[in-house]
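Me: I am new to this structure and would like a close look at a single part of it. Please keep the sentences short.

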Amino acid sequence: MDKKSLYVQLGRNLKRARAKSGFTQSQVAKLLGIPREVISYFESGTREPGMDDVIRLADIYGVNMRYLLPESEAACEIEPVGDTSISLAFRAGRIVEEDLPVIVESRRFLNNLFELNKLLEGENPECR
């Protein structure tokens, strides 16, 4: 796979994870402290996000960073944190900007709890 194709696939994974998380590009950009257009560039494959950006985006979206990487697409499917019955429910129209960091931290907590439970059960949480 050439470099451009990798960026495009990474962008698709980023867009899919953002859509599943319920955030808009503007909300994610605000959390990262960058212009909304940069999120759009990442998702279209026009601009390559740095590794720090990928890590932060994975935290925001509540997924394992490996899910976002192009070569891992076939191995991991995105699902809500936990056993699919655990997820964050919210009304997108009622979220104020101050709520965004709390939502991200809640997702991070639930994701870590899920991974810990899988480890304790002897399962591989590789794709979370």
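Are Glu-43 and Arg-18 buried or exposed? Please start from that pair and work outwards.

Reply: Glu-43 is buried, and Arg-18 is buried too. Keep in mind that this is a predicted model.

Start with the pair itself. Glu-43 and Arg-18 form a salt bridge. Their closest N and O atoms are 2.5 Å apart. Side chains of opposite charge can pair when their charged atoms come close. Glu-43 belongs to helix α3, which covers residues 36-44, while Arg-18 belongs to helix α1, which covers residues 3-21, so the salt bridge ties together parts that are 25 residues apart in sequence.

Now look at the two helices around that bridge. The axes of α1 and α3 come within 5 Å. They cross at roughly 120 degrees. The two helices are therefore oblique to each other. On the α1 side, the residues that meet α3 are Tyr-7, Val-8, Gly-11, Arg-12, Leu-14, Lys-15 and Arg-18. On the α3 side, they meet Phe-42, Glu-43 and Ser-44. Both partners of the salt bridge, Arg-18 and Glu-43, appear in these lists.

Helix α3 also packs against α2. Helix α2 spans residues 25-32. The angle between α2 and α3 is about 110 degrees, and their axes are 8 Å apart. That makes α2 roughly perpendicular to α3. The crossing of these two helices is right-handed. From α2, the residues involved are Gln-25, Ser-26, Val-28, Ala-29 and Leu-32. From α3, they are Arg-36, Ile-39, Ser-40 and Glu-43. Glu-43 therefore takes part in the meeting with α1 and also in the meeting with α2, given that contact means heavy atoms within 4.5 Å.

Arg-36 leads to another salt bridge. The structure holds 2 of them. Arg-36 pairs with Glu-37, with the closest N and O atoms 3.8 Å apart. Arg-36 counts as partly exposed, because its relative accessibility is 32%. Glu-37 is also partly exposed, with a relative accessible area of 38%. Glu-43 and Arg-18, by contrast, are buried.

Next, take Leu-32, which sits in helix α2. Leu-32 counts as buried, because its relative accessibility is 8%. Leaving aside neighbours within four places in sequence, Leu-32 is in contact with Ile-39, Arg-56, Leu-57 and Ile-60. The C-alpha atoms of Leu-32 and Asp-53 are separated by 8.2 Å. Those two residues are 21 residues apart along the chain.

Step back to the whole protein. There are 6 helices and 0 strands. Along the sequence, the pattern reads α-α-α-α-α-α. The protein has 128 residues, and 38% of them are buried. Among contacts between residues at least 6 apart in sequence, 64% join residues at least 24 apart.

Finally, consider confidence. The mean pLDDT of the protein is 78, and 76% of its residues reach 70 or more. Over residues 78-87, the pLDDT is below 50. That stretch still has 21 contacts in the model, beyond near neighbours in sequence. Where pLDDT is low, the predicted coordinates should not be read in detail. Helix α3 has the highest confidence, at a mean of 97. Confidence is lowest in helix α6, residues 100-120, at a mean of 81.

Key:
Residues are numbered from 1 along each chain as its sequence is written. This is a predicted model: local features need pLDDT of at least 70, side-chain atom pairs count only at pLDDT 80 or more; totals for chains, interfaces and linings use all residues. Side-chain values use heavy atoms; hydrogens and water are left out. A salt bridge is a side-chain nitrogen of Lys or Arg within 4 Å of a carboxyl oxygen of Asp or Glu. Helices (H or I, at least four residues) and strands (E, at least two) are DSSP runs, numbered from the N terminus. Buried means under 20% relative accessible area, exposed over 50%, partly exposed in between (1.4 Å probe, protein chains only). pLDDT is the predictor's confidence in each residue, from 0 to 100. Axes are lines fitted to C-alpha atoms, for helices over the stretch in contact, and angles run from 0 to 180 degrees between N-to-C directions. Angles under 35 degrees count as roughly parallel, over 145 as roughly antiparallel, 65 to 115 as roughly perpendicular and the rest as oblique. A crossing is left-handed if the near helix is turned anticlockwise from the far one by less than a right angle, and right-handed if clockwise.
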